[in-house]
Amino acid sequence: VRTQVAIVGAGPAGLLLSHLLDEAGIDSVVVDQRTRDEIETTIRAGILEQGTVEVLDRLGEHSRARTVGNRHDGIELRFEGAGHRIDFPSLTGRSVWLYPQHEVLKDLIAARLAAGQDLRFGVSVDGVDGVDSDHPVVHARTADGEALEITADFVVGADGSRSVVRAAVTGSSTGGYFREYPFAWFGILTEAPPSAEELIYSNSPDGFALISQRSATVQRMYFQCDPDADPNALSEEAVWENLQRRVPGTTLKEGPIFQRDVLRFRSFVAYELRRGRAAIVGDAAHTVPPTGAKGMNLAVADVVLLNQALQALILRDDAHLIDAFAETASRRIWKAQHFSWWMTSMLHTTDEATPFDRRRQVGELRSVVESEAGMTYLAEAYTGWPLASMD
Ligand code: DHB
């Protein structure tokens, strides 16, 4: 197969990039190892920055972020049993949308298929060759085991945290800056009415909890747990007890729990984001811990930049944007790394924390919620820093 841009990974980054390239008249082939059903049903995060929603508006009627999703104008930070609301519009003029990632993926897949995109599921990539030449090649196999070779002008690895393309860009599948955290989130989906209208990020002596929503009848909640916790080891009663203990001041509305998972925390940025005619974006390039919901939004920001760089390279033979891509993308990536780390460390507890650390953490939370500057800092990061212009 011959195409202009070979995109490995049909997650938010890969699918959105194929859409933006197509708008500019650049053709691409998108492959993913997973089935369409797997992609459309895997539960991920739920918060879209305003800029992400504005990019998704380019899908036209296919984007349901504004119609099915809900605008959220604030979050609550809770500590020492009291809630403190951070009002986004008054601080930044911006909002976020609660709209689950798998719904974004359904919209993107529908839009791409309607546009005639060459999009292939069940294709596993073995490796990428020739990134230092003008025509890199993706070596892959279809679900039936047939060899598939994609020759392109450029290869994009949007293939997630276990990226295969990463090795062709960084020289190693693991090389990068990273840190781990001594905790994880126990996440549930429950059939219950909302316990709060907006998200509650709660710091308590027993650990962190996040009360999020999905719809009028389905809620998403998380509580801090051990990274080795077995999601099936707790009774429903024990799950509710753990959640409730971490949000003193609110009585949670309980219902049947129909999905549970343990999310491990990691911060990671690959040493290189681009080499020759290949680049990595989204989770292939970086991972953030979930506190603050930056993961998918950061992938979208990478893609907005890379789209411009690829248009210049492919349509105008102008390499200056692709040569600047890694440096430009890194600035936002490291701001998002910092924000995600900061929200995580400000809100979670650890066994090593001393009584001093515990009081200092409450002092830090007060410094945010009792200061317009503090709240504005959080709100700017949460609703998203400006994206590169799309036109
Ligand atoms: C959700 C996940 C997050 O990591 C977050 O910060 C906010 C919301 C969610 O799944 O709803």
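Five bridges join strand 10 (residues 137-141) to strand 11, and the two strands run antiparallel. Strands here are DSSP runs of E of at least two residues, helices are runs of H or I of at least four residues, and both are numbered from the N terminus. Two strands count as paired if DSSP finds at least two bridges between them. The model is predicted: local features need pLDDT of at least 70, side-chain atom pairs count only at pLDDT 80 or more, and totals for chains, interfaces and linings use all residues. Residues are numbered from 1 along each chain as its sequence is written.

Within this pair of strands, V137 stands opposite T151 of strand 11. Strands 10 and 11 form a hairpin with 5 residues between them. In the turn, G145 has a positive phi of about 85°. The hairpin strands belong to an open, antiparallel sheet of 3 strands, in the order 9-10-11. Strand 9 (124-129) and strand 11 (147-151) stand at the edges with a single partner strand each, so one side of each has no neighbour in the sheet. The twist averages 20° from one strand to the next. Axes are lines fitted to C-alpha atoms, for helices over the stretch in contact, and angles run from 0 to 180 degrees between N-to-C directions.

Another open sheet has 6 strands in the order 8-2-1-12-19-18, with mixed pairing. Its edge strands are strand 8 (118-120) and strand 18 (274-275), each of which pairs on one side only. Strand 18 is joined to strand 19 (residues 278-280) by 2 bridges, and these strands run antiparallel. The bridge partner of R274 is A279 in strand 19.

Helix packing was examined next. Helix 1 (residues 12-23) and helix 8 (residues 295-316) pack at about 30°, with their axes 9 Å apart. Helix 1 and helix 8 are therefore roughly parallel. Angles under 35 degrees count as roughly parallel, over 145 as roughly antiparallel, 65 to 115 as roughly perpendicular and the rest as oblique. The crossing of helix 1 and helix 8 is right-handed, meaning that the near helix is turned clockwise from the far one by less than a right angle. Residues P12, A13, L16, L17, L20 and L21 of helix 1 meet M296, A299, V300, D302, V303, L306, N307 and L310 of helix 8. Contact requires C-beta atoms, placed from the backbone, within 7 Å. This contact comprises 12 nonpolar, 1 polar and 1 charged residues. Ala, Val, Leu, Ile, Met, Phe, Trp, Tyr, Cys and Pro count as nonpolar, Asp, Glu, Lys and Arg as charged, and the others, Gly among them, as polar.

Helix 8 also packs against helix 9 (residues 320-347), at about 170° and with axes 10 Å apart. Helix 8 is therefore roughly antiparallel to helix 9. The helix 8 residues in this contact include L298, A301, D302 and L305. Among their counterparts in helix 9 are L321, I322, F325 and R332. By class, the contact has 13 nonpolar, 2 polar and 2 charged residues.

The axes of helix 10 (residues 355-369) and helix 11 (residues 372-383) come within 5 Å and cross at roughly 90°. Helix 10 is therefore roughly perpendicular to helix 11. S367, V368 and V369 of helix 10 make the contact with G374, M375 and L378 of helix 11. That contact has 4 nonpolar, 2 polar and no charged residues.

The ligand is surrounded by A45, G46, I47, L199, L210, S212, R220, P290, T291, G292 and A293. A residue is counted here if its C-beta atom, placed from the backbone, lies within 6 Å of the molecule. The shell divides into 6 nonpolar, 4 polar and 1 charged residues.

How values were computed. Two residues are in contact if their C-beta atoms, placed from the backbone, lie within 7 Å.
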